[in-house]
Amino acid sequence: MGIEQYRSLFVAESEEHLQIVNNALLKLEKAPDNLNILNEIFRSAHTLKGMSATMGFKALTKLTHKMEDVLDVFRAQKIPVTTEVIDALFRCLDMLQMLLEEVKTEKDLSVDVDAMIVQLEGILPTISSAAAATFADKKNEIRLTPLERDNLREVLSAQDLYIYIVDIFLSPDCQLKSARAFMVFSRLGDKGEVIKSDPPVDELEKNHFGCSFELLFLTHLERNKAEELLAKIIEIDKIEIRKIENINDIPDEKGIKVKARTETAAAADEEAGKRKEGMAPQTAFKKIQSIRVSTKRLDNLMNYVGELVIAKIRLMQIARVHQIQSLHEILTNIDRLMTDLQDEVMQVRLIPIAQVFDRFPRMVRDLARSEYKQINLELSGGEIELDRTVLDEIADPLVHLLRNAVDHGIELPQERKSNNKSPVGVIKLTARREKIYVLIEVSDDGRGMDPNMLRQSAVSKGFITEDEANKLSNKEILELILLPGFSSSVTITDTSGRGVGMDVVKMKIEDIGGTVSFDSVQGKGSIFSLKLPVTVAIIRAMLVKVAQEIYAIPIANVAETVKIPQHKIKHIEKSEVVNLRNEVVSLLRMDKFLGALRATTGEKKEEAAEGKEIEYNVVIVESGGRKAGLVVEDVLGQQEVVIKSIGALLKGIRGFSGATILGDGRVALILDVAAFLMSK
Amino acid sequence: MGAKVLVVDDAVFMRKMIGDILKKEGYEVVGEAENGKEAVDKYMELCPELVTMDIVMPKVGDIDGIGAVKQIMQKDGKAKILMVSAMGQHALVVEAIQAGAKDFVTKPFQPSRVLEAAKRVLES
C-alpha cells in the first residue's frame, strides 16, 4: 500500500491532535504550572512528529520535533510556562495548521519553519542544550490500566510470585543511560519478568529520562535476592525495592489507588478468569471501538435512505389504491424498519457541537488580547449533537456573533470597573436540546445595545424617517439590526467590520430551517439565540395543493390549519387580513403569489353563485415571530419528505428551500417560509 | 595477587591506559589483544578472570568486539567480560550484553568507574 492512501487519515488525525494542543494550550494559559496539561501537549506533539516522519513530511517533523524538545524542558524541569511561551506555542500551532493545509491541498504555502524554530529556541530557559541535562528527575510512578491489573491478578492467583516496585537511581554522570537501563532490564529479566516501567521502555531506550526510573518486577525471588541481581551493576547510585502485598496499592491510570474492587473490575476479572492464556499485559489486544468513515459516504447513505423512503411511500400508495391486504401487512413491517434505519443513519450523521465550539476559545482569546480586553469564554453543551450539515452552516454565524460580543459587547477593563462590573467580561456560549430543536445561545455581560443610538443611526442611514423612529418601541428598534446592510453600517470597527451583518446571520440560520432571536439590555449585555433543527435531510412537511400543483411546507413552520369563510376576510389598505383569535394575520393567496391563476377563481365563483359561502383553506405559518396565512386550494396532509437540492440553476429563486419527490413520483417544491414571509 | 585481566582494544593508547588503571589497583594484566580474533585466541591461551573489550574494533577474521564476546561466551560460559564503549553506541552495548557481557563502561571514563566495574563483574 502506498503512503498516499494514508494521507487523508493522516490529515484527519493530525487535525484532531492540533485541536487537542489548542485546547490544552488554552488550559495551560490559565494553569501555567499544570504538568498534566503540559504532558498532554507533549504527547500530541510527539504523536504528530511520529506520524509526520512516517509520512515523510519533513517540515512538519522538524517543527513538531522542536516543539517536543521545548515542551520537554518545561515538563522535565517543572518550570511554569510564561505568556511568551504560550504565544510562541500558539504561533507554532498556527504554522502546523498551515503545514497541514499544505499536505491537504498539496500547495506550497511557503511556510518558514526555520524561523519558527529559532523563535522556539529563543523561549527556552537558559539551560545547556545537551539532551541529557534537559531530563531532570521527576517522581516516577507506575500506574496500571484495569486490564493490566486484572492480568496481574490472574497470574498471581495461578503462581506463587512476588511483585516488587523497583526504583533505580543512576549516577548523574552516567553516560549511556539507556544502555544502563537495558542492563537492569536484562538482569531482572533473567530471573523474572519486568511488567511495566515508568518512564515507559521506549522513552528509556531513547534516553528520555532523568536519572531514575521505576519498574514493576514479577519474580519468585525473595527481596534481598532480587536486590542482589542489581547490586553488581555499576553507575547505579541507589536501588529501592518495595514489595507489593496488594495489587490495589499500585495506582491506576489516574494515579489513584484502587480502594475497593468495583463491579466492572470484578466483571473483567471474571472474564479474565475464562482466558487461560499466560499473561501478556503489554500486548493486550484492544477491540476496535469505532471506525472512520468519510462524510461523502455518509451523505450517500443518507441519500439512499431518502430514496428508500420515497419508494416506500410510493409502495404504500399502490397498496392503498389497489387494496392489497398482503402487501399492506409487509409494508407495515417495512415502514417500521425504514423508520429505524432512518433514525440510525440520522444518528450516525450527528456530530457533537464541541467540534465547532472548540475553535472558539482560541479565537476569543486572540481577539480579546488584541483589543486589550479581559474575557472569559464559558462553553457548555458541547456534547449536544447536530447533523453535520447544520453544524457546517452555523460555524460562520457563531463566529460573527462572538466577534460582535467581543468587539461591541464587552467593555474595556477600566470601563467595566467604573461601572461596578468585574474587569473580566464573560461571554457564554451554550447549547441545549429542546424537543426537535437545538438551542444555541451567545450571551455577554457587556454594555448591551443602546436603542437611542440605534434610532439615530437608523434615521441617519435612511432606513426609517425620524417620525417612524419615534413611533417604534425600543424592542422594535433592536429588530432593526436584522435589516440587510444595517448592522454592518452601524457597527463596523477595525476588527469586526468583515462585511457580514446580522442579516446574513439570520439568513444563514433560516436557510437551514432555524430561527434567530435576541434581546439586549443596555448596560447589562446581550443574548442571541439560534434555534436549529437537529437534522435537515428528512423533515416532516404539510402537503398543500395550489393550482393543481403540490407544495410542501415544513411542519416546523406550520402553526395551524383553519378554514376561513369569505366574510371573515377583511381588507387593510390593499391586503387581505383575517382576525384569528384577536390576532390580525395577513393572508396570502398562494395561487396569485405563485403566478398560477388558473381555474381556481372560476370554481369558487360558481360555488358562490350557488349561494354557498366560500370557505378558504388557510395554513397559518410562522417564522421568526412573523405569522401569515397562506390560502391554498387543499390541504393534503402530513408526511415525511426528503429534501433534495433544487440545483444551482434555480438557486436564485427565493422562497423555496428545495424539492422533494412524492409517493406518486411527482416533484413538489418545498416552501422556504422565512424567505416567503420576507419577500411578501 | 590480583585477578588476571586480558585487555582488548585496537588503540595502543587505550590498552595502555586501561592496563595502567588496573595494574595500580593490583590487577595482573596477563595479555593484550588488538582485535576480536586475537582476543579469542588469547582468552583460550591465558584463561584470564576478566576481559575488558572495546566494542568497536576492526573486523579480523570476521570477528569484531561483539563477535569476540559471542565466541568467548560460547567457549566459556563463565567468562567475565567488561565492555568498553564510546558514547552513543547504545545499540551495540545492548547487543553485547545480550551476547553475555557482564557490564560496560563508557569512554571517556573515570579510572574509578573502570575499577568499580571490574570489581563488580568479578564478584558476580
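What span should the 21 residues of helix α2 (residues 35–55) of chain A have at 1.5 Å a residue? The expected span is 30 Å, and the end C-alpha atoms are 30 Å apart, which agrees. Here the expected span is 1.5 Å times one less than the number of residues.

This is a predicted model: local features need pLDDT of at least 70, side-chain atom pairs count only at pLDDT 80 or more, and totals for chains, interfaces and linings use all residues. Residues are numbered from 1 along each chain as its sequence is written, and side-chain values use heavy atoms, without hydrogens and water.

**View 1. The ends of α2(A).** A:N34 caps the N-terminal end. One of its side-chain oxygens lies 2.9 Å from the backbone nitrogen of A:N36. A:G56 follows the helix, with a positive phi near 80°. Helices (H or I, at least four residues) and strands (E, at least two) are DSSP runs, numbered from the N terminus.

**View 2. The buried residues of α2(A).** Buried residues (under 20% relative accessible area, 1.4 Å probe, protein chains only) include A:I41, A:F42, A:A45 and A:L48. The buried residues of α2(A) pack against α1 (7–30), α3 (58–77) and α4 (83–105) of chain A.

**View 3. Chain B meets chain A.** The contact (heavy atoms within 4.5 Å) takes 21 residues from chain B and 17 residues from chain A.

**View 4. A salt bridge across the interface.** A:E235 pairs with B:R113 in a salt bridge, their closest N and O atoms 3.2 Å apart. The term means a side-chain nitrogen of Lys or Arg within 4 Å of a carboxyl oxygen of Asp or Glu. The interface has two salt bridges by this rule.

How values were computed
Chains lettered and ligands numbered in written order. Buried < 20%, exposed > 50% of the residue type's maximum accessible area, 1.4 Å probe, protein only. Polar contact = N/O pair within 3.5 Å; in protein donor to acceptor, adjacent residues only side chain to side chain.
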